[in-house]
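Trainee: I've got this one open on my screen and could use a second pair of eyes. Mind if I throw some questions at you?
Mentor: Go ahead, put it up.

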Amino acid sequence: MMSTPHRRNDAAAETDDVLLSVQDLQVEFATSAGVVRALDGVSFDVRAGETLAILGESGSGKSVTAQAIMALLPKPAGSIVGGQVRYRGTDLVAEPVSRVRELCATEIAMIFQDPLSSLNPVFRIGYQVAEPFRRRLGMGKREAWARALELLKRVGIPDAETRIRDYPHQFSGGQRQRIMIAMAIALEPRLLIGDEPTTALDVTVQKQVMDLLADLQAETGMGMILISHDLGVVADVAQRAAIMYAGRIVETGSIRGIYDTPAHPYSQGLLSSIPSNTAIGERLTPIVGSPPNLLALPTGCSFHPRCPFATEVCRTTVPVLRQPDGWEPGHVAACHRSEEVLTHA
Amino acid sequence: MTAALPPTIAIQTMQRAKRARRAVTVRIVTPIIVIALFVVGAIFVPLLYGFDPLHTEVLQRLLPPGSELQDGSTAIFGTDQVGQDLFAQMMMGARVSLTVGISSLLVAGALGVILGLFAGYFGGWLDNTLMRIADVQLAFPGILLAILLSAVLGSSLWNVIVVISITNWVVFARVTRSQVLALRNREYVESARTLGASSWHIIFRTLFPGCLAPILVVATVEFGHVVLLEAALSFLGVGVPLGIPSLGTTIHNGTAYLVSAWWISVLPGIALAALVLATGVLGDALRDRFDPTLRSA
Amino acid sequence: MLGYTVRRLLLAVFVLWGVVTVVFLIVRLIPADPAVLVGGMDATPEQVEAIRHQMGLDKPLIVQYFGYLVGAFAGDFGTSYTQGVPAMSLVARALPNTAILAVLACSLALIVSFPLGLLAALKVNRPADRAVTTMSLLTQSLPGFWVGVVLMLIFSRLLQWLPSAGLDTPDALVLPVITVALPFIAILTRMTRSGLLEVVGEGYIATARAKGLSERIVIFVHATRNAMIPVITLVGLEFGTLLGGAVITETVFSFPGVGRLLVDSILVRDYNLVQACVVIIAAGFVLVNLIVDLLYGYLDPRVRLAK
């Protein structure tokens, strides 16, 4: 019934290189207006040392994906109703929540969008960064705070020795996000998920935080998933991208591949709607229409009402992710008309 | 997407939400029925029984609930220390509770809302002064102020209403004021201003309707407090004058016969609790229905 | 924090002054002439005049006010008409009893309400929560004086387990403390519950879970520490209700505290004593609020370390 996952055509799909393999993940939410299908068969892989960007508008399901992986879906409204989340071979969906929580911070870590509300306002940052060491590893207070200090220096907090005793509200937005990053990498996770980590920050600070993440990745070899609605921000750090729309992945491929030659009308629309400084004075080209109502999705391809390429088949049949004819391997799109989209670029 | 989905957790949660919504309607309708019964009982029962507060029937004193009286009728709740039917007396007391309750609410509400509207709209020294007065008043535990004022003004029904109103205007003023502060800069108020509406018009015709929902929620809760306050004052002897049988007075009178005729003290308390509980549930349900942001203790 | 403390102190002093002044004005509103009431129905006009002079009522109002103000801050409220001793001495003797009653009731309420509120918040909208919420609502609907009377009936008169009046033995505290504590428990439970529910939706709770912390730690360390801050402020505000309940309960159980002293003195029109009682009770409330305010300022680093 759902789009079948497209396997990477190298048989290395099952090698120990692949950290996370999400297969056909389905998530539903119970709302007062009905059951919402937030994720409708999402599949992707992340390997060690690589960064995958998950891009989409609000409501596309990108944050829900991250929450589902780490068993952080709001209860009781949200639940995983199908699919697998294989972390190094183990299916997290089948495991009890307590087991998944054990993996949190030690194997998979997450940083959130708004660092002000994501840090506990009544505890010193030293306490919060030291907490993983103390509670998960049983370390003593002095040693844990020493490790916390190292981490704060590593992420670039100035005057860390004195500031370690300060509270979150005494820092700037960018610094708070660095603190969150320090907290997240404390136990050396293999996979870091960033849920819109720079959305709440100034543009200049965004670059700094992204650079920090890139450095950390180069140092530790961890895999990263960066979730964003801003294609520009992740372009330098991510190698691959997955574009989401209405709870489905509509295109996956290398960043360069997607940005230069998008194979899905939605991706194309997103890219051409970005104001570019080479086109000053020209009109902006938004995507027509508005994001779909997840309670009443269009039949067939969810994007078809807004799609300039839509034909009859788009209205009746849900497209599956496939590699367009003659295109580079690893670049797949869920569109019946990919070939026309590509020639139209 | 028309295939029937299996009953996932999501669907179960939704069904629970649907039941909860139905429950809210029950929580609104049931209390209204209870309150209506009180009102009807308060109006008609004393009439039907021919209740006279000054009448004594010495031979029928302190009869337990269910006893048969001389004229063949049954005293459902028994009789009190002067032979009066307790049920009729309780309903008479309900009259007092309801009268005092509604009157005090109206007076306190009118006073508080108007002051709150002015304080919120004009701000400045008016707002400051009003809030300082409110602070000082809130330093008095409500009962304390009420007892003091009652003692000073003396016992009469009207005085009780005045006293309770003075004790309770603050909460209306506060709620109105914060609502006004929230709405003051909304666009529809701005547009009224640019259209040349006078301050009077803006306050009463534009802002006030937006305050009605929270005021209503507060009013239902305050009604319960007011009823209990009147009963407490009467219990202590500083509430309604002796001729009028408040539920509080009845309970007080019953303490002298606590073991021999427990019903005189116990039953009126249950009636009070039922009335207050009904208004409390109603207030909660109204708040849930109209404005969950008001959720508080 | 210093600025905050100073502001709170000034506010407390202002409120206290306001209380004292309001009491003065209210008592002077008496329609009846206190001198006549003291002298009795048979007093001659000369006697009444002498009493009036003795009570200082023939002086201008302003003079009376300042005399009263000075006296009040020195603790001197004049002599009790009915008992012939300084009003303050009677209050001072009754105050410790009321203080014990209030402290015990408050403690009991805090001890009982926190686990109940926590339970209700953790099992929100499920049977346990419904039960707790309903019981709270029910308890808050009960007239305080009636609860005292019923408890007295059952435990004192029928079962004869506990004394029903006075304070001769420590177990005379049991029923009054429970009576005063019950509505407070109900209020605190509801406030703890809603405080926790609000906090649990906050971002840092998700962060704590993402750090792999056990749900127990997430709730007891991260959530509670934040939820308690507004709850403490509300405790201070609701303390007034507690005191009001204490006044009534003392009357029901003939408990020798300031509350009963107040009610008795009102019924006999002993206005000096009334003034003393009211001011002391209100002062106690102001003090508790001040402490609570300062505690809040200390507990919330955003206030304590405001730039």
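Trainee: How many salt bridges are there between chain C and chain A?
Mentor: The count is two. Keep in mind that this is a predicted model. In one of the bridges, the side chain of C:Lys211 meets that of A:Glu131, at 3.0 Å from N to O.

Trainee: And how many residue pairs are in polar contact across that interface?
Mentor: Eight pairs between chain C and chain A, with both residues at pLDDT 80 or more.

Trainee: Which elements of chain C give two or more residues to the side that touches chain A?
Mentor: Those are α9 (203–210), α10 (215–252) and α13 (301–304) of chain C. The most comes from α10(C), which gives seven residues.

Trainee: What's the mix by class on that side?
Mentor: You get 10 nonpolar, five polar and seven charged residues on the side of chain C that touches chain A.

Trainee: OK, and what about the area buried between chain C and chain A?
Mentor: About 2,100 Å², with carbon and sulfur atoms giving 62% of that. On the chain C side, C:Thr207, C:Ala210 and C:Lys211 lose the most area to chain A, and together they make up 26% of what that side buries. C:Lys211 is the residue from the salt bridge with A:Glu131. As for contacts, 22 residues of chain C touch 25 residues of chain A.

Trainee: Let's swap partners. How many residues of chain C are in contact with chain B?
Mentor: There, 48 residues of chain C are in contact with 40 residues of chain B. The area buried between the two is about 3,700 Å², and carbon and sulfur atoms give 84% of it.

Trainee: Which residues of chain C lose the most area to chain B?
Mentor: C:Ile26, C:Phe145 and C:Trp146, together 16% of what the chain C side buries.

Trainee: What's the salt bridge count between chain C and chain B?
Mentor: One. The side chains of B:Asp284 and C:Arg190 form a salt bridge, 2.8 Å from N to O. Polar contacts across that interface come to three residue pairs, again with both at pLDDT 80 or more.

Trainee: Which elements of chain C supply at least two residues each to the side that touches chain B?
Mentor: The list is α1 (2–28), α6 (127–141), α7 (144–158), α8 (174–200), α10, α11 (258–267) and α12 (271–299) of chain C. α1(C) has the largest share, with nine residues. By class, the side of chain C that touches chain B divides into 39 nonpolar, six polar and three charged residues.

Trainee: Now chain B itself. Where is B:Gln84?
Mentor: In the loop between β2 (74–75) and α2 (86–122) of chain B.

Trainee: Buried or exposed?
Mentor: B:Gln84 has a relative accessible area of 7%, and the cut-off for buried is under 20%, so B:Gln84 counts as buried. Setting aside neighbours within four places in sequence, its contacts include B:Phe51, B:Asp52, B:His55 and B:Gln89.

Trainee: What about B:Val82?
Mentor: B:Val82 lies in the loop between β2 and α2 as well, but counts as partly exposed, at 28% relative accessibility. Beyond its neighbours within four places in sequence, B:Val82 contacts B:His55, B:Thr56, B:Glu57, B:Val58 and B:Arg61.

Trainee: Switching to chain A: how many helices and strands does chain A have?
Mentor: Chain A has 13 helices and 11 strands. Its radius of gyration is 21 Å, close to the 20 Å that the globule rule gives for 345 residues, so chain A is as compact as a globular protein of that length. Of those 345 residues, 55% count as buried.

Trainee: Last one. What's the phi of A:Ala71?
Mentor: Near 55°, so positive in a residue other than glycine. Most residues other than glycine have a negative phi. A:Ala71 is in the loop between α1 (62–69) and β4 (78–87) of chain A, and is partly exposed with a relative accessible area of 23%. A:Glu196 also has a positive phi, about 50°. The place of A:Glu196 is the loop between β7 (191–195) and α8 (203–220) of chain A, and at 8% relative accessibility A:Glu196 counts as buried.

Definitions and conventions
Residues numbered from 1 in each chain as written. Chains lettered and ligands numbered in written order. Predicted model: local features only at pLDDT ≥ 70, side-chain atom pairs only at ≥ 80, totals over all residues. Heavy atoms only, no water. Contact = heavy atoms within 4.5 Å. Buried area = accessible area lost by both parts, 1.4 Å probe. Salt bridge = Lys/Arg side-chain N within 4 Å of Asp/Glu carboxyl O. Polar contact = N/O pair within 3.5 Å; in protein donor to acceptor, adjacent residues only side chain to side chain. Helix = DSSP H or I, 4+ residues; strand = E, 2+ residues; numbered from the N terminus. Nonpolar A, V, L, I, M, F, W, Y, C, P; charged D, E, K, R; others polar. Rg over C-alpha atoms; globule rule 2.2 N^0.38 Å. Buried < 20%, exposed > 50% of the residue type's maximum accessible area, 1.4 Å probe, protein only.
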